[in-house]
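Visitor: Could you take me through one part of this structure at close range? I'd like to see how a helix sits against its neighbour, and then how that part fits into the rest of the chain.

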Amino acid sequence: MLKMLDILMEDLTPEQLQKLSTFAMKYKDPKEINLQEAKKLIVDTGLDIEKMQKRARKKRAEEFEKNRKPKVGANELCLCGSQKKYKKCCRNIPIPNKS
Ligand SMILES: [Zn+2]
């Protein structure tokens, strides 16, 4: 969740951050925030929630791809079965960009 917030923060202008932190200070307990207020805040700050969510999803997908990469030592045989060392084989193949 914190990571998600970090991603969202990158998209914000200083003014938007200011407004958000003022809002956060007003409600120390997140449970006190009602939907109406939250919606108003989003309109006030001009947040593009859809764009931010898209970006967050993309980032998560990228991280997933990164973690999926097999962990092979550079001098071990490559997992693809080429009988070549990993460093001379698939390590040099970039992950395809699906976007
Ligand atoms: Zn290979």
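Guide: Happy to; here is a close look at helix 2, followed by its surroundings. Please keep in mind that this is a predicted model.

Let's place the helix first. The protein chain has four helices and zero strands, and from the N terminus on its elements run α-α-α-α. Helix 2 covers residues 14-26. At 1.5 Å a residue, its 13 residues should span 18 Å, and the end C-alpha atoms are indeed 18 Å apart, so expectation and model agree.

Now for the neighbour. Two packed helices are described by the angle between their axes and by the distance between those axes. Helix 2 packs with helix 3 (residues 35-45) at an angle of about 160 degrees, and the axes are 10 Å apart. Because angles over 145 degrees count as roughly antiparallel, helix 2 is roughly antiparallel to helix 3. The crossing of helix 2 with helix 3 is right-handed.

Which residues make this contact? From helix 2 come Gln-16, Lys-19, Leu-20 and Phe-23, while helix 3 contributes Leu-41, Asp-44 and Thr-45. Sorted by class, the contact has three nonpolar, two polar and two charged residues.

Is helix 2 buried or in the open? A residue counts as buried if 20 or more other C-beta atoms lie within 10 Å of its own. Of the 13 residues of helix 2, the number buried is zero, so helix 2 lies largely in the open. Its partner is hardly covered either: among the eleven residues of helix 3, the count of buried residues is zero. Just after helix 3 comes Gly-46, which takes a positive phi of about 65 degrees.

Further along is helix 4, residues 49-68. Its 20 residues reach 28 Å from the first C-alpha to the last, close to the 28 Å expected at 1.5 Å a residue. The number of buried residues in helix 4 is zero as well, so helix 4 also lies largely in the open. In the segment after helix 4 you will find Gln-83. Most residues other than glycine have a negative phi. Gln-83, however, has a positive phi near 70 degrees. Gln-83 is exposed, with 8 other C-beta atoms within 10 Å.

Stepping back to the whole protein chain, 1% of its 99 residues count as buried. Among contacts with a separation of 6 or more, 37% are between residues 24 or more positions apart.

Technical notes: Residues are numbered from 1 along each chain as its sequence is written. This is a predicted model: local features need pLDDT of at least 70, side-chain atom pairs count only at pLDDT 80 or more; totals for chains, interfaces and linings use all residues. Axes are lines fitted to C-alpha atoms, for helices over the stretch in contact, and angles run from 0 to 180 degrees between N-to-C directions. Helices (H or I, at least four residues) and strands (E, at least two) are DSSP runs, numbered from the N terminus. Angles under 35 degrees count as roughly parallel, over 145 as roughly antiparallel, 65 to 115 as roughly perpendicular and the rest as oblique. A crossing is left-handed if the near helix is turned anticlockwise from the far one by less than a right angle, and right-handed if clockwise. Two residues are in contact if their C-beta atoms, placed from the backbone, lie within 7 Å. Ala, Val, Leu, Ile, Met, Phe, Trp, Tyr, Cys and Pro count as nonpolar, Asp, Glu, Lys and Arg as charged, and the others, Gly among them, as polar. The expected span of a helix is 1.5 Å times one less than its number of residues. A residue is buried if 20 or more other C-beta atoms lie within 10 Å of its own, exposed if 12 or fewer, and partly exposed in between; C-beta atoms are placed from the backbone.
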